[in-house]
Amino acid sequence: MPEIITIVGGGLAGLTLGIGLRQRGVPVTVWEAGIYPRHRVCGEVISGGGQRSLARLELLSRLQRAETCPAQSVAFFARKTQVPVRALPEAALCVSRYILDDWLAHEFQRLGGELRSGVRWTGDFGQGIVRAGGRRAQPNANGWRLFGLKAHARGVELDADLEMHFVPSGYVGLCRQAGGEVNICGLFRSEAAVPDLAKRWRDWLGGPADSVLHSRLAAAQWEEKSFCSVAGICLHPQRATQWTECCVGDALTMIPPVTGNGMSMAFESAELAIEPLARFSRGDLTWSQAQQEIARDCDRQFTRRLRWATWLQWALFQPRVCAALLRVATRTEWFWRVVFERTR
Ligand SMILES: Cc1cc2nc3c(=O)[nH]c(=O)nc-3n(C[C@H](O)[C@H](O)[C@H](O)COP(=O)(O)OP(=O)(O)OC[C@H]3O[C@@H](n4cnc5c(N)ncnc54)[C@H](O)[C@@H]3O)c2cc1C
């Protein structure tokens, strides 16, 4: 009898891993505290190797036929600087998390996986149990509280498929979604606790009054129900080999959202975990061997991009450095292409 794999967390990493294991006939149960469909704080842009992981798992072309749209161009804005619209070196895929997580959950169940949604796992993470529960909350990092906000809106015109707006307290990404909506998602930092976020989220996402972002969103018709927020974000890079548990996705480490690569890392880490876990389930590897193989492969794949992303995140929160980087990106395409390639 093959060993059952239990996956704690039915987000992107957990469901993708569950699908890959079911494709190999491994018995899998996914525990998910939330329910589907639901909105998640996310820029909703899949950029980088995650699309190739989805293709290898034979999910990409079917997902593209669901409500997705490609992103081919990007533009960057700060208060006084606008980098000309650039072609993305590799097309990205825009998809609402409301659609994506639900689509993956259905696919997992279609393949015979057992999904326990609306139930929180409270047990240990021993043999056969994978931690895919997303970010590990941390109240503050170096005295700063990092939090994310997202909402969909209609009536927002963009210059490019993706826009990144740098504001004094963080950055806000805008991307077109299938069906004419635009996703507006920001990462912000604050030294003090932020009161009334549930009422004031439009002010945070809307940027300073004299910014391009502000004028972009002046006529926005917000989809109130799509608003969500997340706090306690930790962007300190972690190595997989430091964990004693088997981890995938944000539970392993979180890459700064400015890269638009977190979903990719969830898909990629899930893909790396499939084969060792299938061998464990068949009895060809011990749990410790499977866990170590996954951790080594994840570190090999992610360490360099995490280093670059951490540097980029730091630079973007230094107003002068951020302005200088944008000036360089205005004059040359080379710089932005290097940063794009190194952070994925
Ligand atoms: C502001 C912001 C913007 C972002 N923008 C982008 C972007 O544009 N592109 C991109 O690629 N990435 C982006 N990301 C990152 C991306 O959202 C994450 O990397 C991705 O969601 C990670 O997937 P995951 O499956 O690891 O975690 P999650 O999607 O968080 O899923 C984890 C799941 O585990 C469940 N769970 C947790 N604990 C338990 C438990 N004990 N029992 C049962 N269930 C449990 C949770 O309910 C959750 O559903 C952004 C993140 C933020 C904060």
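User: Two strands count as paired once DSSP finds at least two bridges between them. In this predicted model, over how many bridges do β7 and β13 pair?

Analyst: Start with β7, which covers residues 129–131. One bridge links its Val 130 to Cys 246 of β13. A pair needs at least two bridges, and these strands pair in the parallel sense over two bridges.

User: Which strands stand at the edges of the open sheet?

Analyst: The sheet has five strands with parallel pairing, in the order β6-β2-β1-β7-β13. An edge strand has a single partner, so one side of it is left without a neighbour in the sheet. That fits β6 (114–117) and β13 (246–247).

User: Is α7 roughly parallel or roughly antiparallel to α8?

Analyst: Helix α7 spans residues 262–282 and helix α8 spans 287–316. Their axes come within 9 Å and cross at roughly 155 degrees. Angles over 145 count as roughly antiparallel, so α7 runs, relative to α8, roughly antiparallel.

User: How many residues of the contact of α7 with α8 are nonpolar?

Analyst: The α7 side includes Met 265, Leu 272 and Phe 280, while α8 brings Trp 287 and Ile 294, among others. Charged residues take part too, including Glu 268 of α7 and Asp 297 of α8. The full split is four charged, two polar and, for nonpolar, 11.

User: Which element gives the largest share of the shell around the ligand?

Analyst: There are 39 residues around the ligand, and Gly 262 is among those that come nearest. Elements giving two or more residues include α1, β2, β3 and β11. The largest share, four residues, comes from α7.

How values were computed
Residues numbered from 1 in each chain as written. Predicted model: local features only at pLDDT ≥ 70, side-chain atom pairs only at ≥ 80, totals over all residues. Axes fitted to C-alpha atoms, helices over the stretch in contact; angles between N-to-C directions. Parallel < 35°, antiparallel > 145°, perpendicular 65-115°, else oblique. Contact = placed C-beta atoms within 7 Å. Nonpolar A, V, L, I, M, F, W, Y, C, P; charged D, E, K, R; others polar. Near = placed C-beta within 6 Å.
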